[in-house]
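Dear colleague,

I am passing on the structure we spoke about, with the sequence alongside it. My notes on what was found follow below, and I would be glad if you read them with the model open.

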Amino acid sequence: MKNLRWATPAAMAAILLIGAACSSDGEDNNGALPGDFPVYEGATRIDEGGTEDGAFGVYRTSDDIDAVRRYFEEQLREGGWNPQTEQRGEDTVIRVQNPDDPAETGSVVIREEDGETQIVETVGKDEGAAT
């Protein structure tokens, strides 16, 4: 089995900064994210963007962090993304790799912010990943 190549926090920040320059507000809640990448049902999209190399979405919900984590773990597992969950300080981080395209990786960061649960999703290509 191939090793998963995890995006570093700096890489995630770069995707967010690049994506912010391309931000737009579309009709569907996935926005710039791939259609097969889950978005938490009932969440409000507060930002999104993307380039040809990746996309991000930022969402808020009043649901608790554990409910959001369980939703993403189940949906990602059902979609074949093989989620790997870890706790990083106050953040819950779920990392994934597309089983059909090992260069495509993503993450879902779930945290409490201003009394709500914030969800930051990123998906992108790592062209240096072994295939």
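To begin with the interior of this predicted model, the largest nonpolar core has 18 residues, and those with the most contacts inside it are Phe37, Tyr40, Phe72, Leu76, Ile94, Val108 and Ile119. Several elements share in building this core, since at least two residues each are supplied by β2, α2 (65–78), β4 (91–97), β5 (104–113) and β6. The most is given by α2, which contributes four residues to this core. Apart from this core lies another, of five residues, including Phe56, Val58, Val109 and Val120.

If you would like one residue to start from, isoleucine 94 may serve, as it is one of those with the most contacts inside the largest core. Setting aside its neighbours within four places in sequence, isoleucine 94 is in contact with Arg69, Phe72, Glu73 and Leu76, with Pro83, Gln84 and Thr85, and with Gly106, Ser107, Val108 and Ile110.

The strand β2 deserves a separate look. Eight of the eight residues of β2 (residues 54–61) are buried, so this strand is largely enclosed by the rest of the structure; buried here means under 20% relative accessible area. Gly54, Phe56, Val58 and Arg60 point one way from the strand, while Ala55, Gly57, Tyr59 and Thr61 point the other way, and all are buried.

Which strands pair with β2? Strand β1 (residues 44–51) runs antiparallel to β2 and is joined to it by seven bridges, and the two form a hairpin with two residues between them. Within this pairing, glutamate 48 has glycine 57 of β2 as its bridge partner. Strand β6 (residues 116–125) also pairs with β2 in the antiparallel sense, over eight bridges, and here arginine 60 stands opposite glutamine 118 of β6.

As for the chain as a whole, there are two helices and six strands, which follow the pattern α-β-β-α-β-β-β-β when read along the sequence. Of the 131 residues in the chain, buried residues make up 41%. Among contacts between residues at least 6 apart in sequence, 50% join residues at least 24 apart. The chain exposes about 7,100 Å², of which carbon and sulfur atoms supply 45%.

With best wishes

Terms used
Residues numbered from 1 in each chain as written. Predicted model: local features only at pLDDT ≥ 70, side-chain atom pairs only at ≥ 80, totals over all residues. Heavy atoms only, no water. Buried < 20%, exposed > 50% of the residue type's maximum accessible area, 1.4 Å probe, protein only. Contact = heavy atoms within 4.5 Å. Areas by Shrake-Rupley, 256 points an atom, 1.4 Å probe, with all protein chains shown as cover. Pairing = 2+ DSSP bridges. Core = buried A, V, L, I, M, F, W, Y, C linked by side-chain atoms within 4.5 Å.
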